[in-house]
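Open the model in your viewer and keep the selection panel at hand. We will go from stop to stop, and at each one there is something to pick out.

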Amino acid sequence: MLSAADKTRAVERADTAAIELVAPAGDMRKLDFAFEYGADAVYLAGKTFGMRAACKNFDYDDLKAASLAAHSRHKKFYVTLNIFPYDEDLDGVDEYIDYLQSLHVDGVIISDLGLMRRVLKTHANLPVHVSTQANVLNSDTARFYADMGVKRIVLARELSLTQIRRIRDGLPDSVALEAFVHGAMCISYSGRCLLSGYLAGRSANRGECNQTCRMFFTPEKTAEALEFVEDDGTYIFGGNDLNMIEHVKELSDAGVSAFKIEGRVKSEYYVACIVNAYRNAIDCVRRGESVPSAYVAETAKAPNRGFNTGFYYGQPKHDAQSKPFCEFCGVVVHDTPDGAVVEMRNRFKTGEELEVLSPSNKFLNMRIVVPTMRDEDGETLTDAKRVCAKVLLCGVRLPEMSILRRLPKSAE
C-alpha cells in the first residue's frame, strides 16, 4: 500500500506525464524534424494572420499536409492567428477559419479579442488558445478568457512561478496553461514591439518583425563620446535566451501543462536539438529522475545568446556571453547498405571528427570520423563543400534525419 508521500509523488509524476511539448514549425521540413525528435505538438502559421512572416509558412495545401502529418502520428498541430489586425487585415478571415476547422486543427492561437470572439461565436468546435501577446498576467484576466470559452492560455512571459500557480488555482480544469520554456526573449512587453516598425517599416505586431533588437550595432561619431566595449560594437537590445530545461518539475508543479519552444525562424538543426533535449528531460522527470547534465548541455549546442530563466524566479539575470555552439554540417536523407547519404549544410572533410544528433538515443552524441565520400555522380570525394549537395559517407550507417554537427573548439 502506498504511503501518503508515495501517493503525492505518483500524482506529481502523473501531472508531469501530461506535459505537452510544443515545438515551432516554420515549414513542413521543420515540422517533420519536430515530430521525429519528440514533440507532442507543433505550432505554425498560414500565409496570413501569423506573427512570423519571415518563415516559409504554410499555404492551404501545406496546411492539409501538416494536418495529415500530425494526426497520422497521433500528434497535434496549432495554427497562429495572432497578429493585431486592422479591419482591412480581416478580409477573408472567415473563409480561412472555415478551412482550418475542416482540417480538424487542434487549436488556433489568437491575440486580438475581437478575432477571438468571432471564432468562438462562429466555430464552436475549433479550440481557441490565448496568445502570449494577450499578456495574461493575473487571475481575473485568465478567468475572463475562461468564461469566454477558451481552452488554453499561453501565459505572458513576465510571470513568476508563484504567480502562475495562483492563476492556475483560479481556473477550471478545462482550461490549460502553456508557457515558453526555451528560446529568444523579446525585449518588449509580451512581445509587443515597435522597434522593427519604426526602423524598418515592418510591424512586429502584424507578423513582419525583422528582429532589429538582435542585430549588432556600432556607434557613429558624434560630439559626445560613446564607448562600446565588445569588438567596437554590441548587441544593445538583445537579451539572453530563455532556458528552463533544469526546471521542468517546478514548471509542472506550478500548473503549466504545455511547454513551448520558440523558434519558427530557426533551422531544422535548432528545432531537432532543442526538442530532443526537452523530450528527454521531460521523460526523465516523468520517471522521477533528475535531468542528466548531458541533456542540459545539449541546449548549448544549438545557436544561442547565453541563457537565463526569464522571469520565472524574479527579475532575469543576464549572462553576457553566448555559449559555444555546434556547427550544423549535414542531415542524413537516406541510409543505404553502402552508407548514409548526407545533404550538406557546412563544409567537412575526410578524416574530420563530427558528432551525431539522432532521433534514436542509441546514436546521440556518437562521434564519427568522416570516411571517404562519394558525390552524386559516384566520384570519390574527400572535401564536401557544396551546400545542399548530397554525399555518401562510405560504410557509415545512420538513421534517416540524423544530423552531423561540428563541436566548438572549446568542447572538443
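Two strands count as paired when DSSP finds at least two bridges between them. With that in mind, select Glu353 and Val369: Glu353 stands opposite Val369 in β15. You are looking at a predicted model, so treat every stop on this tour as a feature of that prediction.

**Stop 1: the sheet around β15**

Widen the selection to strand β14, residues 353–357, which pairs with β15 in the antiparallel sense over 3 bridges. Now bring in the whole open sheet of 8 strands, ordered β15-β14-β20-β11-β12-β19-β16-β17 and paired antiparallel. Which strands form its edges? They are β15 (367–369) and β17 (380–381), each of which pairs on one side only.

**Stop 2: strand β20**

Next, select β20, residues 403–406. Is it covered on one face or both? Both: Ile403 and Arg405 on one side, and Leu404 and Arg406 on the other, are all buried.

Its two partners are worth showing in turn. On the β14 side, 3 bridges join the antiparallel strands β14 and β20, and Val356 stands opposite Leu404. Toward β11 (residues 327–336), the antiparallel pairing with β20 runs over 4 bridges; there, Phe328 has Arg405 as its bridge partner.

**Stop 3: the nonpolar cores**

Zoom out to the protein chain, with its 11 helices and 20 strands. Of its 412 residues, 52% are buried. Among contacts with a separation of 6 or more, 66% are between residues 24 or more positions apart.

Select Leu44, Leu81 and Ile153, the residues with the most contacts inside the largest nonpolar core, a set of 102 residues. Then add helix α10 (residues 268–286), which gives the most to this core, with 13 residues. In soluble globular proteins, nonpolar side chains tend to be buried together.

Stay with Leu44 and show what surrounds it. Beyond its neighbours within four places in sequence, the contacts of Leu44 include Ala25, Leu31, Phe58, Leu63, Phe77 and Val79, and also Arg264.

A second, separate core can be picked out too: it has 18 residues, among them Val342, Met344, Met373 and Val391.

**Stop 4: a cavity**

How many cavities of 30 Å³ or more are there? The count is 3. For this stop, choose the second largest cavity, with a volume of about 60 Å³. To see its lining, select Leu155, Ala156, Arg157, Leu159, Ile164, Ala179, Phe180, Met185, Leu242, Gly310, Phe311 and Tyr312. By class, this lining has 10 nonpolar, 1 polar and 1 charged residues.

**Stop 5: two residues with positive phi**

Finish in the loops. His104 is found between α4 (93–102) and β4 (107–110), and its phi is near 60 degrees, a positive value in a residue other than glycine. Is His104 buried or exposed? Its relative accessible area is 60%, so His104 is exposed.

The last selection is Cys388, in the loop between β18 (383–384) and β19 (390–394). Although Cys388 is not a glycine, its phi is positive, at about 75 degrees. Cys388 is partly exposed because its relative accessible area is 44%, which falls between the cut-offs of 20% for buried and 50% for exposed.

Terms used: Residues are numbered from 1 along each chain as its sequence is written. This is a predicted model: local features need pLDDT of at least 70, side-chain atom pairs count only at pLDDT 80 or more; totals for chains, interfaces and linings use all residues. Side-chain values use heavy atoms; hydrogens and water are left out. A nonpolar core is a set of buried Ala, Val, Leu, Ile, Met, Phe, Trp, Tyr and Cys residues joined through side-chain atoms within 4.5 Å. Buried means under 20% relative accessible area, exposed over 50%, partly exposed in between (1.4 Å probe, protein chains only). Contact means heavy atoms within 4.5 Å. On a 1 Å grid over the protein atoms alone, a cavity is a set of points where a 1.4 Å probe fits but cannot get out, and a pocket is an open set with protein on both sides within 12 Å along at least five of seven lines; lining residues have an atom within 4 Å of a point. Grid points are joined across faces, edges and corners, and a volume is the space filled by probe spheres set on the points. Ala, Val, Leu, Ile, Met, Phe, Trp, Tyr, Cys and Pro count as nonpolar, Asp, Glu, Lys and Arg as charged, and the others, Gly among them, as polar.
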